[in-house]
Amino acid sequence: MTRLRTPATVAASLALVLTVAGCGASVSDDKDKRDGKATAAGGKGGHYPVTITNCGTETTYDKAPERVVTNDVGITEIMFALGLEDRMAGYVMPDDKGDLNAVPYKDAYDKVPWLSKREINRELVLDARADLVFAGWNYGFRESEGFTPAALKKLGVGSYLLTESCRNGAGKARGVMSPLDALYTDLRTLGKIFDVEERAEKLVRDYQRQIADAAARAPKERPTVFLYDDGRDKPFTSGKYAGPHDIITKAGGDHVMKDLKDSWVTVGWETVVERDPEVIVINDYGGTSAEQKKRFLLDYPPLAGVSAIKNKRIFTLDYADLVESPRNAAAVTALGDYLRSVRRDGNRPR
């Protein structure tokens, strides 16, 4: 079991690392400043220590982390939904993740520093004087560059792994529970870490109610649905343990790749053709626009006989709707409305 060191101990470790590295930076305690906002989230001393389990690893927190760095939009918005922006040193996110001015967390985005639009790395974490990094496998953490929870632990920096990204024991395959359960698990666990459990439970109840309402209106005959992320030679898509599986299923669709016991995976076009989805959902993000992806799908000869292509049944959701995030429930509602329209309209192209 890991016991997370207090921020003061972490700061001392980071100061030593930075001095050895010749960065010329110093790390101050900032105790008065931190104590002044301690009651914003997780300030009650009687709550601690708390022990949580995250991706199979137990960690004990002596107090709430105070300088969290998050990676990616869904992870960042989990913190915002819990009202924990005062506990954040910043976030890392490419600028291809949609219009952040139109989301409920605009004030939080304006308040918390956007540390980088490139990949998160050790130097950035050290410069931010982070005491916790909230990221995930393939959502920031990666062995190829030595940016892992184990590497951060040696620097005195804690890690919290996005539950959607937990490795399931089959090599590097990801996923240990259904995607929405992963979201609820992270909300509740972070609620415990930061002493905002009531807020976390309210969010879970609200999301569950919204999803249940959408599921209750699902069409009796479920349209088959394929999630298209990107890829020309081979499509990148969602398996059983990535967000789209639960979003499609709860919305009233039949996810054609539900047998893939991984999160985000690559398949062959022949598999898509064989499973003949009635609807294709596009993940809108990256340098290729949703409209460009749609045009490719409609013009790609091997897909010409697929039902979704023949009837032009292509629906777009934002990246942040489809990864584990507070936007998942709204995505279920939106897709559910579309799938009901598919059944109402029969085979008429849309």
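Here are a few questions and answers about this predicted model. Residues are numbered from 1 along each chain as its sequence is written. Local features need pLDDT of at least 70 and side-chain atom pairs count only at pLDDT 80 or more, while totals for chains, interfaces and linings use all residues, and side-chain values use heavy atoms, without hydrogens and water.

Q: Is helix α3 largely enclosed or exposed, and why?
A: Helices are DSSP runs (H or I, at least four residues), numbered from the N terminus. Buried means under 20% relative accessible area (1.4 Å probe, protein chains only). In α3, residues 73-81, 9 of the 9 residues are buried, so the helix is largely enclosed by the rest of the structure.

Q: Which residue with a positive phi follows α3?
A: The buried residues of α3 include V73, F80 and A81. After the helix comes a residue whose phi is near 70 degrees, and that residue is G83.

Q: Which helix gives the most to the largest nonpolar core?
A: A nonpolar core is a set of buried Ala, Val, Leu, Ile, Met, Phe, Trp, Tyr and Cys residues joined through side-chain atoms within 4.5 Å. The largest has 64 residues, and L82, Y109, F134, F194 and Y207 have the most contacts inside it. With 7 residues, the helix that gives the most to this core is α14 (residues 328-345).

Q: What is the bridge partner of I282 in β15?
A: Strands are DSSP runs of E, at least two residues long, and two strands pair if DSSP finds at least two bridges between them. Strand β14 (residues 279-284) is joined to β15 by 5 bridges, and the two run parallel. In β15, the partner of I282 is T316.

Methods
Buried means under 20% relative accessible area, exposed over 50%, partly exposed in between (1.4 Å probe, protein chains only).
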